[in-house]
Amino acid sequence: MAEKIEVLLDVKTKLGEGPVWDAASQRLHWVDSADGRIFRSTAQGTELRAWEVGEPIGSIAVGADNSYFLAALQSGLYRIDVESGAKELLVDPEPDQPKNRLNDGKVDRQGRFVFGSMDTLEEEPSGKLYSYDVDGCLSVLDTGIICSNGPCFSPDGTILYFSDTWTGEIWAYDYDASSGGASLRRTFTKVDTSGGGAADGATVDSEGYLWQALVYSGTIVRYSPDGKIDRLLEMPVLKATSLTFGGPNLDVLYVTSMSKPPLPRFPEDGQLRGSLFAVTGLGVTGVAEPRYGK
């Protein structure tokens, strides 16, 4: 089957990000970072539901019993009740950094939430990479980050991939599954920024290849485990932001996008901007993402 890119939902998210497929409930989740909304739908885009969280949101994880979301908001890490939408602050990692907000995150194979922060002007290295474990303890994995993006894990959970968008690199860390510690940071690959693209959201497929959205160039890149470009996918919008595999067979690549650039220096886009896309026919399957917690 030839690959096919279709608009699943044209919801014009200002800054669509953080797609998560929950295999147990067979539901896709994603966020509008700028508008502070969480979305959920079926694999076909039906039964659409939204939650407003009242401030910018970087990413979410589905809670262990599916009764809540763990949400990385501008003012801290929150628990959002699915039924009522009520939010409860769990921890504010950076009360001394008013210009920062929390950004991209992903659950590791043991149920911890690994997430980063960013300078909202994307200029100062004031961000950090964090781990929030299943007992509610917060730890710092790395520092000196301008814009955290694309944390994801190898299928066996022993490598953590992560990008500081404006370094032009994707990093890899040795990841200790038992402790949640990250060590031996190295350059996994350098991002080709010649087309104006920058590293954004990422995921890993069942063959251990890394997929990353290059926002502002409209390109999705698949990297082999040794960091070489394996495949390029051109999206119908420039500002494709993040991606995840989902659907009943984990063989659909869902891609978010933004309808409005976050800063004036970034490019405009066509009428499909802000859509949620479904890419089929890739011949590749993803890895089921764990829920947060025990």
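Student: In what order do strands 18, 19, 20 and 21 form their open sheet?

Tutor: Happy to start there, with a reminder that this is a predicted model, where local features need pLDDT of at least 70, side-chain atom pairs count only at pLDDT 80 or more, and totals for chains, interfaces and linings use all residues. Residues are numbered from 1 along each chain as its sequence is written, and side-chain values use heavy atoms, with hydrogens and water left out. Strands are DSSP runs (E, at least two residues) numbered from the N terminus, and two of them pair if DSSP finds at least two bridges between them. Here the pairing is antiparallel, and the order is 18-19-20-21.

Student: Which strands are the edge strands of that sheet?

Tutor: Look for strands that pair on one side only. Residues 198-204 and 229-234 make up these two, namely strand 18 and strand 21.

Student: Which residue in strand 19 is the bridge partner of Ala198?

Tutor: Strand 18 pairs with strand 19 (residues 210-215) in the antiparallel sense, over five bridges. Within strand 19, the partner of Ala198 is Val215.

Student: How much are neighbouring strands turned against each other in the sheet 10-11-12-13?

Tutor: This open sheet has four strands with antiparallel pairing, and its edges are strand 10 (100-107) and strand 13 (138-145). Axes are lines fitted to C-alpha atoms, with angles from 0 to 180 degrees between N-to-C directions. With direction ignored, the average turn between neighbouring strands is 20°.

Student: Which residue in strand 12 stands opposite Val114?

Tutor: Strand 11 (residues 113-119) and strand 12 (residues 127-132) are joined by four bridges in the antiparallel sense. Opposite Val114, in strand 12, stands Ser131.
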